[in-house]
Amino acid sequence: MPTHHLLGAHTIDNGGIDMAARRAAAAGMQALQIFTTIPKFYGDRASIRPDRVKRFREALAGTGISPQHVMAHAAYVLNTATHEEEKSIRAAAGLAKELERSTALGIGQICFHPGAARDGNRDAAAARVAAAITGALEKIPGETRVLIENTAGAGLTMGRTPDEIAAMLAGVPRKLRGRTGYGLDTCHLFAAGHPIHESKAALTRVLDAFEAAIGEPPSFFHLNDSKFPFGSNRDQHALIGEGLIGAEAFRWLLADPRSRSVPLILETPQENFEIADGDPSPDPWDVRMLALLRSMQ
Ligand SMILES: [Zn+2]
Ligand SMILES: [Zn+2]
């Protein structure tokens with residue numbers, strides 16, 4: 001089916017990330033998101049074994065999903081913004097390891113949540129995030145990009161506004177800037193108080209504000225509806241059309257040229273977490289979401 005949208009999901013990886021790729025392909029996806037390590041640990045010493053790389057690359061080659069359209073989501077605990085020195089060092093090392101593993105897999109990008117500035121000094125926090133990105137890019141040469149994800153804005157987390165993402169990326173040296181960028185999660189936008197649900201014009205203004213402040217369009221979108229209300233700063237994803245954003249906003253987003261040619265990744269609830277390791281069949285709820293999004297194109 002010809003399409004200019006690269007629809008995908010963070011598919012279930014029981015049996016390995018090669019099985020996640022097979023399940024994405026079986027659902028008819030053109031993009032994919034994976035974890036390269038257990039996301040609740042730093043993973044700052046975890047390399048990826050060559051046999052795992054080989055299995056994944058072979059599986060992906062058989063799917064027709066371009067490695068360029070695969071993204072790794074970094075561990076949630078990597079707080080590169082923190083002022084606490086030990087955590088900051090481990091987070092920066094963890095981000096570099098994320099990039100090392102993803103570069104070995106040959107995939108297009110990683111995304112990460114920048115973390116929180118618990119001392120309240122947001123300028124210093126932005127500089128630390130920039131230093132972590134810079135350090136990772138300097139340490140691990142290659143093509144894989146490091147992308148900041150916008151956040152729902154709980155507590156003191158960084159990355160809820162266009163200016164904050166711009167400040168973080170502005171600290172990356174110009175020669176490395178092409179290997180970084182950012183992406184937008186619809187649930188996080190809504191939770192952080194960006195009115196993407198109000199009208200197509202309102203959604204366009206939100207995207208315009210990010211593009212103007214940062215100087216480039218987003219490099220990916222996470223397509224998630226929201227369980228919690230507008231501006232709540234709470235992050236819990238819902239199936240599209242079954243949350244408080246509503247399906248219409250996703251139709252508007254798919255009509256915006258900025259949603260073309262970049263990975264559009266569902267992180268919506270899934271049904272079959274107990275799927276057998278060797279079973280490549282797609283998750284029924286992922287399939288339902290794909291059909292809904294296709295009907296909006
Ligand atoms: Zn995320
Ligand atoms: Zn989220």
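1. In this predicted model, strand 4 and strand 5 (residues 145-149) run parallel and are joined by four bridges. One position to inspect is Ile 110, whose bridge partner in strand 5 is Val 146. The connection between the two strands passes through helix 4 (residues 122-139), and strand 4, helix 4 and strand 5 together form a right-handed β-α-β unit.

2. On its other pairing, strand 4 runs parallel to strand 3 (residues 70-73), with three bridges between them. Here Ile 110 of strand 4 stands opposite Ala 72. The chain leaves strand 3, passes through helix 3 (residues 85-105) and reaches strand 4, in a β-α-β crossover that is right-handed.

3. The side chains of strand 4 (residues 109-112) deserve attention. Gln 109 and Cys 111 point one way, while Ile 110 and Phe 112 point the other way. Each of these four residues is buried.

4. The pairings above belong to a closed arrangement. Eight strands form a barrel, in the order 1-2-3-4-5-6-7-10, and their pairing is parallel. From one strand to the next, the twist averages 30 degrees.

5. At the start of that order, strand 1 (residues 6-9) pairs with strand 2 (residues 31-34) in the parallel sense, over two bridges. Gly 8 has Ala 31 of strand 2 as its bridge partner. Helix 1 (residues 17-26) packs on the sheet and touches both strand 1 and strand 2. The direction of helix 1 makes about 150 degrees with that of strand 2.

Conventions:
Residues are numbered from 1 along each chain as its sequence is written. Chains are lettered from A and ligands numbered from 1 in the order in which they are written. This is a predicted model: local features need pLDDT of at least 70, side-chain atom pairs count only at pLDDT 80 or more; totals for chains, interfaces and linings use all residues. Two strands pair if DSSP finds at least two bridges between them. Axes are lines fitted to C-alpha atoms, for helices over the stretch in contact, and angles run from 0 to 180 degrees between N-to-C directions. Two residues are in contact if their C-beta atoms, placed from the backbone, lie within 7 Å. A residue is buried if 20 or more other C-beta atoms lie within 10 Å of its own, exposed if 12 or fewer, and partly exposed in between; C-beta atoms are placed from the backbone. A crossover is right-handed if, with the strands pointing away from the viewer, the path from the first strand over the helix to the second runs clockwise.
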